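User: Could you take a close look at one part of this model for me, the internal cavities and the helix packing beside them? I would like one connected walk-through.

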Amino acid sequence: MSSINDNARANPTEAQRVASISMDSMKPEWKDILARIPGDGLKGDGFPRNVLGIIMQNTDTFGPFMNYWVTCKLDMGLSVREQEIIILRMGVLYNSDYVWKHHLKVGREFGITDEEINSIRNEEYETFVDREKSLLCLTDEIVNHRTIRLESWEIHSKILSPKDVVDLIHLTSQYMLFAVMNNAFQVQVEPALDALPGVHDRFPDESP
C-alpha cells in the first residue's frame, strides 16, 4: 500500500495539538453552506467537527473556503461516487485515518462497496471501470509526482476530458489541505466514527 509517509498519520495516543473551536461559534451563513453538502455521510454523527474547528482558527478564510469546497462538490463534473473514490485514495496516500473514516461512510452511501474500498486501499484498480481507473491512477500521479507526466497524460487524456482533469486537481488539492491539517494538528477522529476501520485496518471479512 502506497502512502507518502507512514509516520504522518494522527496518533490516537497523542493529544490533539490545538483545541477545535466549538461549532456553536459558526456563523449562520457558514451552517447554510455546510447544509448543502450532498448526502448524509458528512452530517449528523459523520460531521467533521474536529477538523472544521481547526480550520476555523482563521475566521477570515473559513467561510470562503467552505463555500469553495461545497460548491465544487455540487458543481464539478465528477459524480459524487467518483469524488469519493478519489477522496478515499487521498486518505491512503496521506495516511489520514480522519479522511478515511469520514469518507468510508460517505462512499458507502454513494454505492462504493467494501471490496472496492479494499481495492482503493491496496492500489488494485483493475475492477473499476476505465474512467474510475484513470481518476485513481491520476490521483496517484498528482500526489506522488506533483504533476502529470507525459506518459500518464497520453494514456488517461484519451479517457478523461480537460474539464475532468481540472476537477480532479481541485479535489486532490482540497483533500491535501484536509489531510495535512489533520496530520499536522493530530486531529482526533470523533467518537462516533472511531470504531470504523482505519487506513491500515482490515475489515472483519477481509483475509490476512
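Analyst: Helix 4 (80-93) and helix 5 each supply at least two residues to the lining of the second largest cavity. Happy to start there, with the reminder that this is a predicted model. That cavity has a volume of about 40 Å³, and its walls are formed by I37, P38, L42, K73, V80, E84, H103 and V106. Sorted by class, this lining holds five nonpolar residues, one polar residue and two charged ones.

How many cavities does a search of the whole structure find at 30 Å³ or more? There are two. The largest has a volume of about 90 Å³. Its lining consists of L42, P48, V51, W69, Y98, V99, H102, H103, Y175, F178 and N182. Two elements, helix 5 (97-109) and helix 9 (162-185), give two or more residues each to this lining, and helix 5 provides the largest share, with four residues. By class, the lining has eight nonpolar and three polar residues, with no charged ones. L42 and H103 are worth marking in your viewer: both appear in the lining of the largest cavity and also in the lining of the second largest.

Now to the helices themselves, starting with the pair that helps to line the second largest cavity. Helix 4 and helix 5 pack with their axes 9 Å apart, at an angle of about 160 degrees. An angle over 145 degrees counts as roughly antiparallel, so helix 4 is roughly antiparallel to helix 5. The contact brings E84, I87, L88, G91 and V92 of helix 4 against V99, W100, H103, L104, V106 and G107 of helix 5. Seven of these residues are nonpolar, three are polar and one is charged. As for handedness, helix 4 passes helix 5 in a left-handed crossing. The contact also ties back to the cavity: E84, H103 and V106 belong to this helix pair's contact and to the lining of the second largest cavity. V99, in turn, takes part in the contact and lines the largest cavity.

Helix 6 (residues 114-121) packs against helix 4, their axes coming within 9 Å and crossing at roughly 45 degrees. Helix 4 and helix 6 are therefore oblique to each other, and the crossing is right-handed. On the helix 4 side the contact uses R81, I85, L88, R89 and V92, which meet E116, I117, I120 and R121 of helix 6. This set divides into five nonpolar and four charged residues, with no polar ones.

Helix 5 has its own crossing with helix 6: the axes come within 11 Å, at roughly 140 degrees. That angle makes helix 5 oblique to helix 6. Here W100, L104 and R108 of helix 5 touch D114, I117 and R121 of helix 6. Three nonpolar and three charged residues make up this contact, with no polar ones. Helix 5, too, passes helix 6 in a right-handed crossing.

A few residues link these contacts. L88 and V92 of helix 4 meet helix 6 and also take part in the contact with helix 5. W100 and L104 of helix 5 touch helix 6 as well as helix 4. On helix 6, I117 and R121 meet helix 4 and also helix 5.

Terms used. Residues are numbered from 1 along each chain as its sequence is written. This is a predicted model: local features need pLDDT of at least 70, side-chain atom pairs count only at pLDDT 80 or more; totals for chains, interfaces and linings use all residues. Side-chain values use heavy atoms; hydrogens and water are left out. On a 1 Å grid over the protein atoms alone, a cavity is a set of points where a 1.4 Å probe fits but cannot get out, and a pocket is an open set with protein on both sides within 12 Å along at least five of seven lines; lining residues have an atom within 4 Å of a point. Grid points are joined across faces, edges and corners, and a volume is the space filled by probe spheres set on the points. Ala, Val, Leu, Ile, Met, Phe, Trp, Tyr, Cys and Pro count as nonpolar, Asp, Glu, Lys and Arg as charged, and the others, Gly among them, as polar. Axes are lines fitted to C-alpha atoms, for helices over the stretch in contact, and angles run from 0 to 180 degrees between N-to-C directions. Angles under 35 degrees count as roughly parallel, over 145 as roughly antiparallel, 65 to 115 as roughly perpendicular and the rest as oblique. A crossing is left-handed if the near helix is turned anticlockwise from the far one by less than a right angle, and right-handed if clockwise. Contact means heavy atoms within 4.5 Å.
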